[in-house]
Amino acid sequence: MKTKIGIVNVNDYRGIPEAVAGAVKLIERDLPFNFTSSKYILIKPNMLSANKDACTQPGFVEGIVDYLIKTGVSKDRIKVGDSPGQVRKTAPFIAKKIGIYDVCMNRGIEYVDFEGDVPVKETIDEAVIMKDFYVSKPVKDCDVLINLPRLKTHAEATMTGAVKNYYGIIPGGLKAKKHVLSRNAEEFGEVLADNFSWVVKNKPNRLTVYDLHTVMVGPQGPTAGRMLNWNLILAGTDELALDIVALEIGKFDGLKHVPHLKSIYRRHLGVGDPGDIEIAGMAIEDAKKLVPKFKPPAGLMSRSISYLTGNVFYKMLNKIPVLNQKMCEKCGDCSRVCPVKVIEFEERHFPVFTRKGCISCLCCMEMCTYNAIDVRYRGIRGLFEQA
Ligand code: SF4
Ligand code: SF4
């Protein structure tokens, strides 16, 4: 299996949107699908938080949307969305805050809220750890998936980029399940690889345009850190190859140090051998001269400590739903939507929320049309509970 990756220097173009189109043009003849005959193209940037440095830049969404429209794709077949995994209305809030929502509105493109619909339960037969999980409906429905990751350090996963960006296909707080399933960086790598295996199997029509224009580094990645100008954009269809090449440009061996890349290579879910990767545009050696070394967030020991302390805080600060009986209309929607079935409901009675087993996804709160569900922190008890 061979793959092609396009590399461009943003400084050779008038701006990011033009450079995005330039990178895609380098590989467009090798795409295994046709944009114009697709029914529904979903563009998935990284919208982790309201800190714009932690997200894909709006210029990438602008560039790919303009490219698709020029190619002849009608606007009503293009949608943009992501799921940051926070709480109520956070995804649209973040999209507005970082400018991606405006890009959609200005171009007449629909912004879709991944948490705005009931998630779809999926099973991964070949999974190592995460056998069952939930996928956002817009992801399940699309026939072309355009991935717009940004390269950043990641305290648990070492780095986040082309492969890791797909973890956002799991809606909202359901991503928190990783904390139940994985207790260390290696296991988290397997969970990411399980998630990626679903993408490979179910979404064969994929394109990644990789934001290496400014790269986040430092121990607080992926939410905050120092921004380094790399001025590069990569385009391709094989996410493993893209992550390996991005890290190689930063003089860092991804296959040796990044657990999820190691697992994906071992499972043959992507192209990892240099001899099978063809480069178009700028040569890797020339790109290397432009950028500083990509340094991992911390050594193994401090990463483990940060993971453990992070897990303690996570468990205490994790949120659980609390019923407000004054507002509740006893409709039972919360019970029906709960993915782990921990809300008991009988007709004409108030629902009963069980703390044990609740994975803090807050889907129940999202779905309650009467605003009858509040949230509160788990607190000290959270340390001894299952979420
Ligand atoms: S969805 Fe809201 S209103 Fe309906 S039973 Fe649950 S808490 Fe009550
Ligand atoms: S009760 Fe169910 S739906 Fe609500 S947060 Fe917990 S797991 Fe999610």
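## A walk through the model, starting at the ligand

Let us begin at ligand 1, which 13 residues surround, the closest being Cys328, Cys331, Asp333, Cys334 and Cys368. A residue is near a molecule if its C-beta atom, placed from the backbone, lies within 6 Å of it. By class, this shell has 9 nonpolar, 1 polar and 3 charged residues. Here Ala, Val, Leu, Ile, Met, Phe, Trp, Tyr, Cys and Pro count as nonpolar, Asp, Glu, Lys and Arg as charged, and the others, Gly among them, as polar.

Please keep in mind that this is a predicted model, in which local features need pLDDT of at least 70 and side-chain atom pairs count only at pLDDT 80 or more, while totals for chains, interfaces and linings use all residues. Residues are numbered from 1 along each chain as its sequence is written, and chains are lettered from A and ligands numbered from 1 in the order in which they are written.

Now step back to the whole protein, which has 14 helices and 16 strands. These are DSSP runs numbered from the N terminus: helices are H or I with at least four residues, strands E with at least two. Of its 387 residues, 48% count as buried. A residue is buried if 20 or more other C-beta atoms, placed from the backbone, lie within 10 Å of its own, exposed if 12 or fewer, and partly exposed in between.

Glu346 shows the exposed case. Its place is in the loop between β14 (343-344) and β15 (352-353). Because 11 other C-beta atoms lie within 10 Å, Glu346 is exposed. Its C-alpha atom is separated by 9.6 Å from that of Cys331, 15 residues away along the chain.

Next, look at two helices, α2 (residues 58-71) and α4 (residues 100-107): their axes come within 8 Å and cross at roughly 25°. Axes are lines fitted to C-alpha atoms, for helices over the stretch in contact, and angles run from 0 to 180 degrees between N-to-C directions. α2 and α4 are therefore roughly parallel to each other, a term for angles under 35 degrees; over 145 is roughly antiparallel, 65 to 115 roughly perpendicular and the rest oblique. Pro58, Val61, Glu62 and Val65 of α2 make the contact with Ile100, Val103 and Arg107 of α4, where contact means C-beta atoms, placed from the backbone, within 7 Å. This contact has 5 nonpolar, no polar and 2 charged residues.

Finally, helix α7 (residues 185-202) packs against helix α10 (residues 259-266) at about 50°, with axes 7 Å apart. That makes α7 oblique to α10.

Conventions: Two residues are in contact if their C-beta atoms, placed from the backbone, lie within 7 Å.
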